[in-house]
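Biologist: I have a few questions about how this fold is packed and where its empty spaces are. Can we go through them with the structure open?

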Amino acid sequence: MRVYVPLTLSGLAEAHRAGELGAGPLVAYAVTPALRGWYLSDDVEELEYAALNRAALASLRLLAADPGSARRRVVVAADVPDGAAAAGPDRGQDPAALGEVRVAGPLPLAGAAAVHVDSADAEADVAAAAEALAAADGGDDDAQFVVDGVEDHELLWYATQELPNLV
């Protein structure tokens, strides 16, 4: 199963030093039954892209909680054995948790398939979105527009061999 783990650049640097994304359980995103039902597509690539975007939003939430972190969303795509990731039974149908899974055990960085990171030209929009996130969660339509606008920036794809250059 492919999972998408939200991080920040500082979190990615720590994962690179430690050789793993964490000891678990880790919050990640994947193609879950709830995500399939919400997205209404049978195209696996489209569903995985939706899971990646859910992880990018979670990365934005991490940035909002860490004002000192570089304003770039980071998502690590990793393959885990079937059964290693499961949707929380209490959050499966929660719209805020679509695609959310918990990865039970440690996730070695060697299991990463790719890393997705915002480009430098996205930093101003990511910073504005991170700042507007709380207001958007509170129902402010203008703030939601700012948060949604960050999706105009596609995350760049990096091979795992490029990690030392990213961190």
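Modeller: Let's begin with a pair of helices, keeping in mind that this is a predicted model: α3 and α4 pack at an angle of about 90°, and their axes lie 9 Å apart.

Biologist: How should I describe α3 relative to α4, then?

Modeller: Angles of 65 to 115 degrees count as roughly perpendicular, so α3 is roughly perpendicular to α4.

Biologist: Which residues of α3 and α4 meet there?

Modeller: On the α3 side they are Leu-57, Leu-60, Arg-61, Leu-63 and Ala-64, and these meet Val-126, Ala-129, Ala-130, Leu-133 and Asp-137 of α4. Sorted by class, that contact of α3 with α4 has eight nonpolar residues, two charged ones and no polar ones.

Biologist: And what about α4 with α5, at what angle do those two pack?

Modeller: The angle between α4 and α5 is about 140°, with 8 Å between their axes, and the two helices are therefore oblique to each other. The crossing in which α4 passes α5 is left-handed.

Biologist: Which side chains should I click on for that one?

Modeller: From α4, take Ala-128, Ala-129, Ala-132, Leu-133, Ala-135 and Ala-136, and from α5 take Ala-143, Gln-144, Val-146 and Val-147. The contact of α4 with α5 comprises nine nonpolar residues and one polar residue, with no charged residues.

Biologist: Changing topic, what volume does the largest pocket have?

Modeller: Its volume is about 420 Å³, and the largest pocket is lined by 20 residues, with Asn-53, Arg-54, Leu-57, Ala-58 and Arg-61 lying nearest its centre.

Biologist: Which elements give two or more residues to that lining?

Modeller: They are β2 (26–29), α2 (33–39), α3 (44–65), α4 (123–137) and α5 (141–149). Of these, α3 gives the most to the lining of the largest pocket, namely six residues.

Biologist: How does the pocket lining divide into nonpolar, polar and charged?

Modeller: The lining of the largest pocket has 12 nonpolar residues, six charged residues and two polar residues.

Biologist: How many cavities of 30 Å³ or more turn up in the whole structure?

Modeller: A search of the whole structure finds one, and the largest cavity has a volume of about 60 Å³.

Biologist: What lines the largest cavity?

Modeller: Its lining consists of Asn-53, Ala-56, Leu-57, Leu-60, Arg-73, Val-147, Val-150 and Glu-151, and the largest share of that lining, four residues, comes from α3. By class, the lining of the largest cavity has five nonpolar residues, two charged residues and one polar residue.

Notes:
Residues are numbered from 1 along each chain as its sequence is written. This is a predicted model: local features need pLDDT of at least 70, side-chain atom pairs count only at pLDDT 80 or more; totals for chains, interfaces and linings use all residues. Side-chain values use heavy atoms; hydrogens and water are left out. On a 1 Å grid over the protein atoms alone, a cavity is a set of points where a 1.4 Å probe fits but cannot get out, and a pocket is an open set with protein on both sides within 12 Å along at least five of seven lines; lining residues have an atom within 4 Å of a point. Grid points are joined across faces, edges and corners, and a volume is the space filled by probe spheres set on the points. Ala, Val, Leu, Ile, Met, Phe, Trp, Tyr, Cys and Pro count as nonpolar, Asp, Glu, Lys and Arg as charged, and the others, Gly among them, as polar. Axes are lines fitted to C-alpha atoms, for helices over the stretch in contact, and angles run from 0 to 180 degrees between N-to-C directions. Angles under 35 degrees count as roughly parallel, over 145 as roughly antiparallel, 65 to 115 as roughly perpendicular and the rest as oblique. Contact means heavy atoms within 4.5 Å. A crossing is left-handed if the near helix is turned anticlockwise from the far one by less than a right angle, and right-handed if clockwise.
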